[in-house]
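Q: Please take one part of this structure and go through it closely. I would like to see how that part is built into what surrounds it.

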Amino acid sequence: MHQSKIAGIGYYVPKNVYTNNDLSRFMDTNDEWIRERTGIQERRFADRNEETTTTMGIEAAKIAIERAAITAKDVDFIIFATLSPDYYFPGCGVLLQREMGMGEIGALDIRNQCSGFVYALSVADQFVKTGMYKNVLVVGSEKHSFAMDFETRSRNVSVIFGDGAGAVVLQPTDEKGKGILSTHLHSDGADAEILAMYYPGSHANKWMKDKPAYPDQELGGLFMTPEILASGAALPYMDGPSVFKKAVVKFPEVIKEALAANNLTEKDIDMLVPHQANLRISQYVQNLLGLSDDQVFNNIQKYGNTTAASVPIALCEAWEAGKINDGDLVCLAAFGSGFTWASALIRW
């Protein structure tokens, strides 16, 4: 069994910067309100007609591939994590394969929202460890802005999210004790509906019976209808306080699980890269684990929550800034809708 290592990493964010004050032109909100609750100061929005989830993923992938000292033709397998694909189907993986001129390799799309990249990294790790593939491209990319509602009714959600992409190339390594040490994946669907986008979907409201706060029973259907659009039922729903309470429990749990599996403690962490869901969550977890500011990397202030893209973007920025160096112990952790949560422990 080989170990797998991150041989190349890259990220891409759109050039369009939207500050909190910019959003206040569209909805009843302000800079102080957003910063206090989320820590976000600005975010990036993709060009509406020129950039897609796939094209941003391609830009990040190009950098990761170059840094891995390979070409697109050398990639053996693609894993693409996103909740905002270009099409309802097919997924973004095949679009990236086509546009990058790769061979007829496998492409897997992962729909695990905020934990998508860590899940994807875990899958890629298994492929490399077993020797099935030598160059696995893992991409996390999101284009939230095209579907967000910028009216006051949706401000609790719309002020949080931004666009961007990150990517890594995983390769085998014979360096003992280096690379991905372990990954840990979990889920619990008991409260799936408190952070969800119900439409389009084939559920026909089966899961929303006896939940009067949710859309009217007559609106169930696979695709959009004029009634669903007019009602606002197609917008994402989030019970923010409930999500926060779950996240601050599961984040530290899965980090400690990874450390325990490798006979390590919080003091051994050189850099924790959490999913950038909310700066307040990251700060709570940091304090709970007794980590210093130098041991945790946050960039939600600049980019907002880019869901599946947030971990690879932050990981790449931390590495580029010289905050992650050879031999460092790096922990990735994420929590998101589903609910799903995950961690990965890496010896850089």
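**Strand 12 and its surroundings**

A: In this predicted model, the largest nonpolar core has 42 residues, and those with the most contacts inside it are Leu121, Val136, Leu170, Leu315 and Leu332. Helix 5 (residues 116-129) gives the most to this core, with eight residues. The core lies between domain 1 (3-173) and domain 2 (179-191 + 238-347), because both domains give residues to it.

One of the residues named there, Leu332, leads to the part to look at. Not counting residues up to four places away in sequence, Leu332 touches Val118, Leu121, Val273, Val311, Leu315, Ala342, Ser343, Ala344 and Ile346. A second, separate core has 26 residues, among them Ala247, Val248, Ala277 and Ala333.

Leu332 and Ala333 are both in strand 12, and they are on opposite sides of that strand. In a regular strand, the side chains alternate between the two faces of the sheet. On one side of strand 12 are Leu329, Cys331, Ala333 and Phe335, and on the other are Val330, Leu332, Ala334 and Gly336. All of these are buried, and both faces of the strand are covered. Put as a count, eight of the eight residues of strand 12 are buried.

Next come the neighbours within the sheet. Strand 12 belongs to an open sheet of four strands in the order 8-13-12-11, with mixed pairing. The edge strands, each pairing on one side only, are strand 8 (179-187) and strand 11 (271-274). From one strand to the next, the twist averages 10°.

The two partners of strand 12 can be taken in turn. With strand 11, strand 12 runs parallel, and four bridges join the two; Pro274 has Ala333 as its bridge partner in strand 12. With strand 13 (residues 340-347), strand 12 (residues 329-336) pairs in the antiparallel sense over eight bridges. In strand 13, Ala342 is the bridge partner of Ala334, and Thr340 is that of Gly336.

Strand 12 and strand 13 form a hairpin with three residues between the strands. Within this hairpin, Gly338 takes a positive phi near 140°.

A helix is also packed on the sheet. Helix 8 (residues 240-261) lies across strand 8, strand 11, strand 12 and strand 13, and runs at about 150° to strand 12.

How values were computed
Residues are numbered from 1 along each chain as its sequence is written. This is a predicted model: local features need pLDDT of at least 70, side-chain atom pairs count only at pLDDT 80 or more; totals for chains, interfaces and linings use all residues. Side-chain values use heavy atoms; hydrogens and water are left out. Two strands pair if DSSP finds at least two bridges between them. Axes are lines fitted to C-alpha atoms, for helices over the stretch in contact, and angles run from 0 to 180 degrees between N-to-C directions. Contact means heavy atoms within 4.5 Å. Buried means under 20% relative accessible area, exposed over 50%, partly exposed in between (1.4 Å probe, protein chains only). A nonpolar core is a set of buried Ala, Val, Leu, Ile, Met, Phe, Trp, Tyr and Cys residues joined through side-chain atoms within 4.5 Å. Domain bounds come from an automatic or database domain assignment.
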